[in-house]
Amino acid sequence: MRLRSLAHRSRGGTAALLVATTVLAGQATIALPAAAASCVTVDIASSPEKLVLLTDLGKRFGRSSAAEVGGRCVEVRVTKASSGAAATLLAANWPKPAKNGPRPVIWSPAASTWGAVLDQRRSEAGKSPYVTTPGTSFMLTPLVIGMPKPMADALGYPATPIGFSDVLALSQDPAGWAGKGHPEWGPFRLGKTNPNFSTSGLAQTVAQYYAATGKTSDLTLEDLARPEVDAFARGVESAVVHYGDTTLTFQNNLYRADRRGDPNGYASAIAVEEKSVVDYNRGNPDGILDPGEQPRKPRIPLVAIYPKEGTLFSDNPLIVLDAPWVSSAEATAARAFTKFVTTAKNQRRVLEYGFRPGNPAVAVGKPIVAANGLDPSQPQTTLEVPEPAVLAGVIDQWNQVRKKARVLLVVDVSGSMGDEADPKTGATKLDLAKTAAIAALDQFQPEDEVGLRIFSTDISDREPTDYRDLVPIGPISANKPDLQTQIERLKPTQGTPLYTAAEDAYTFMKDGFDATRINAVVLLTDGRNEDARNEDLAGLLAALRTTTEGESTTPVRIFTIAYGNDADESTLKRMAEATNAAAYSAVDPATIVNVFNAVVSNF
Amino acid sequence: MTVAARRFAALVVAIAMIGAALGIRSVMDGDSNRSGTSSAGPLRLLCARELADACDDLASRSDIQVTVAAEGQSVATLSSVADTDIDTLGYDGWLTFDHDAQIVRDARARAAVRPSVGRPSESVGRSPLVLAVWNDRATVLGAACGDVDYRCLGDVAGTPWTTIGGDVRWGSVKPGHADPADDGDGLAVIGQAATQYLGRTDPSRDDYADDTFLEWFGRLERAVPGGLTAAASPFERMLTAGPAAYDAVGTYEAEAGPLLARASADRRDQVRLLYPAPVATLDVVYAPISGARGADALRDVVTGDDGRAALARAGWRVPGVDAARGIPTTPGLPNGPELPDAGSLVALLETWREITG
């Protein structure tokens, strides 16, 4: 038995991410062979950005002599679980392993503070802690401001120290880049994730409030309430392109814009982890190479701005859970794996993946070098993680000041939506989608404007015949009851005029564009275009791109949800990418609630 | 077979069984003489976290069962355990620091209850307290203060580096040390800081209540960054996260020396270890658990050659035993720890708690 307490050496930092609780439960398991019956299996729930690395290390461990406990072999299985989602599941004793993935022996969130969040939640629920032994931080990566190099140069990079305050002030400057001698770049556009979902989004928002107060520590609730701080925050949020649950959306969109020859048109700066800048500059913006995918370096690389005010680290702990499902043999095997990954040899592998080693015996070197837009000698200082109550205040304030949204929900009610999706309950795909859509309405803020449109062939006997507006766009504070009622009444009807529905929704939103808001279409469909009158996909994509490339002054984004096995994922992805948005997949209808939450995190 | 023959066979079997039993007993007796065992099973050692490497090393060479715990936790448990429950603690002895053992003994004496730990051994290993500072920061601090020590750090802690000639990107001056409420080295470090500021090693509770001291100590301690979690110690964080984590960390040589020796050249060459004067030390002692059957046997192991060698391998200075890599022979160590006594440290810890909330 090893007695160790969580709180030691970490005064003031506990429960730091307490309020980032409504997080995605998106799970995806890396397919590995089933564990041999005689082996001890160590299941790891890993935050997404290190999934590939941990899977690689797990395989290497399995082949090593270290993978042995009490004469039994050890096998490591890695499952993806965002930090917040895993914390939520662990707080509830990780229910439904068949759906949520295997119960982990090791939990590796992005930052150790999630461990404190988990045990605080469990404590509040009268449950015993799961993080009785602090995790081993096996690698680090700091939060940076990723910026296309020409833009960073325009701010004096690398000679001039640049901070959140500089970047955020620029985001509020009506002259935008013209004030820096580059009117061709238009307004300053900021990409940041939703702090309710994303660790980097929360870190960026904390940094934003520090910048607004001029502090680097001791942020208080009184600070947040100051009018000038509120005004600063609103100004910053007004420059946001859109939000989202993961920074990878921004990186992918930026990369595509770069391939089109317009890297400066999508976002001027994105708050990401340093490791993501490595991936981007390698030509692998999401950090995962699909089979057959070849990395191609971007024309214009990103550089990492290490904010002069300081930043926050993701310290990637390996936490061996003190949970009832973890056997003594599994815990021993987990510690052996932890020891394995912290050896100098494997820490060099960590470095190859773009993380900073957690073992000081391994120097920070390639790829964290100037040639990749990075500076291994930075950052030079950190921002203090606020106390839990202040952190809660940051989230609350963000919910108030974030850029408002104007969203049209476009739902496919074609006949196939009536197919059974859950054999146990007999629920159809449309039933599940209705439940998810109604639940997602709660994520909007009262000032957000939301409308509902349905589409199916000849759904209306008047022009336009293929779609019908059930709830006009309006403030959700007033629209919500109507939206709920109309969604509940949805029934499957005819075919799927996908292209017409998409184009008309896009045009409709474009015509009513509101520059103070994120203007977007959320398009859910379970099928492919079944409209003989309009089969011109190329024309549709061209139309979408024409008004998106170079970021027109009225950008409208189409976030797509491919629902069920028959959805035309490829086409939906191309539509989303054409508008610099993101495509989501709910091939398994049971995941639609999580997917809807992810989509709405963009607003 | 005849009756006589059967009796003879039975006699042979009986003799053989007796012989086997004697043989097994002999083996068992031989086992019980191995280091770290007693007739009641393995010896049970409670071990301070700072001494975990030495304890694990010792356990790997004997049958000692080791429990590693934060000193704050052990001190609390051993100070408050009911008289009747001392026997059920599950330990035979405690490898700790002299001030922590004394804090426990004082607490129980004040409460007029039976001691939970017996008289501690003489020091079996020592380690001077060190201040690890990034070279560029040390240069600026030296120019600003003269000596780079806790008095200097407390004077400038939390203020922007630019006010004393540092780089704007360094932010504000960030000292660091282990949590005094949890770790023996953390308590020793704030003890050394206080003695340096006050100019003597016997400060009293009244000294800590002095406004000037409180202002200085508060500035020093409130500047220690929060929000750094995970199992790593502040010095490990300093090496892995770089100067972003801390500008200077108060720790002990047994941790810093070997870690720095193993660190990559880029880190090793950027950090210097200072021994703020007067040199103070963490002194390792063995404290027997009152009434524990294995207490004396465990003392023999822990303070004997095996225990001393394990401590030396873990970076502790042990007279007559070769030092570990990264442990220098200088500076020489003072006769005593040069820290406030146990009662004074408890008072300082209370002050620290009030300051840091």
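What is the mean pLDDT of chain B, and what share of its residues reach 70 or more? In this predicted model, the mean pLDDT of chain B is 89, and 88% of its residues reach 70 or more. The model as a whole scores ipTM 0.77 and pTM 0.79. An exception within chain B is the stretch of residues 21–34, over which pLDDT stays under 50 and for which the model has four contacts beyond four places in sequence. Where pLDDT is low, the predicted coordinates should not be read in detail.

In chain A, six strands form an open sheet of mixed pairing, arranged in the order 18-17-14-19-20-21. Its edges are formed by strand 18 (467–475) and strand 21 (583–586) of chain A, each of which pairs on one side only, and from one strand to the next the twist averages 15 degrees. Within this order, strand 19 (residues 517–525) and strand 20 (residues 557–563) of chain A pair in the parallel sense over six bridges, and A:Leu523 stands opposite A:Thr560, the latter in strand 20 of chain A. Helix 19 (residues 569–578) of chain A lies across strand 20 and strand 21 of chain A, and its direction is at about 165 degrees to strand 20 of chain A. Because angles over 145 degrees count as roughly antiparallel, helix 19 and strand 20 of chain A can be described as roughly antiparallel to each other.

The largest nonpolar core comprises 209 residues, and those with the most contacts inside it are A:Val42, B:Leu45, B:Leu95 and B:Ala132. Helix 7 (residues 199–213) of chain A gives the most to this core, contributing eight residues. When neighbours within four places in sequence are left aside, B:Ala132 is in contact with B:Phe235, B:Met238, B:Ala248, B:Val249, B:Thr251, B:Ala256, B:Val271 and B:Leu273. Apart from the largest core lies another, of 65 residues, which includes A:Ala440, A:Ile558, A:Phe596 and A:Val600.

A helix pair was also examined in chain B. Helix 4 (residues 98–110) and helix 15 (residues 342–356) of chain B pack at an angle of about 90 degrees, with their axes 9 Å apart, and the two helices of chain B are therefore roughly perpendicular to each other. On the side of helix 4 of chain B, the contact is made by B:His99, B:Gln102, B:Ile103 and B:Asp106, whereas helix 15 of chain B provides B:Ala342, B:Gly343, B:Leu345 and B:Val346.

Notes. Residues are numbered from 1 along each chain as its sequence is written. Chains are lettered from A and ligands numbered from 1 in the order in which they are written. This is a predicted model: local features need pLDDT of at least 70, side-chain atom pairs count only at pLDDT 80 or more; totals for chains, interfaces and linings use all residues. Two strands pair if DSSP finds at least two bridges between them. Helices (H or I, at least four residues) and strands (E, at least two) are DSSP runs, numbered from the N terminus. Axes are lines fitted to C-alpha atoms, for helices over the stretch in contact, and angles run from 0 to 180 degrees between N-to-C directions. Two residues are in contact if their C-beta atoms, placed from the backbone, lie within 7 Å. A nonpolar core is a set of buried Ala, Val, Leu, Ile, Met, Phe, Trp, Tyr and Cys residues joined through C-beta atoms within 7 Å. A residue is buried if 20 or more other C-beta atoms lie within 10 Å of its own, exposed if 12 or fewer, and partly exposed in between; C-beta atoms are placed from the backbone. pLDDT is the predictor's confidence in each residue, from 0 to 100. Angles under 35 degrees count as roughly parallel, over 145 as roughly antiparallel, 65 to 115 as roughly perpendicular and the rest as oblique.
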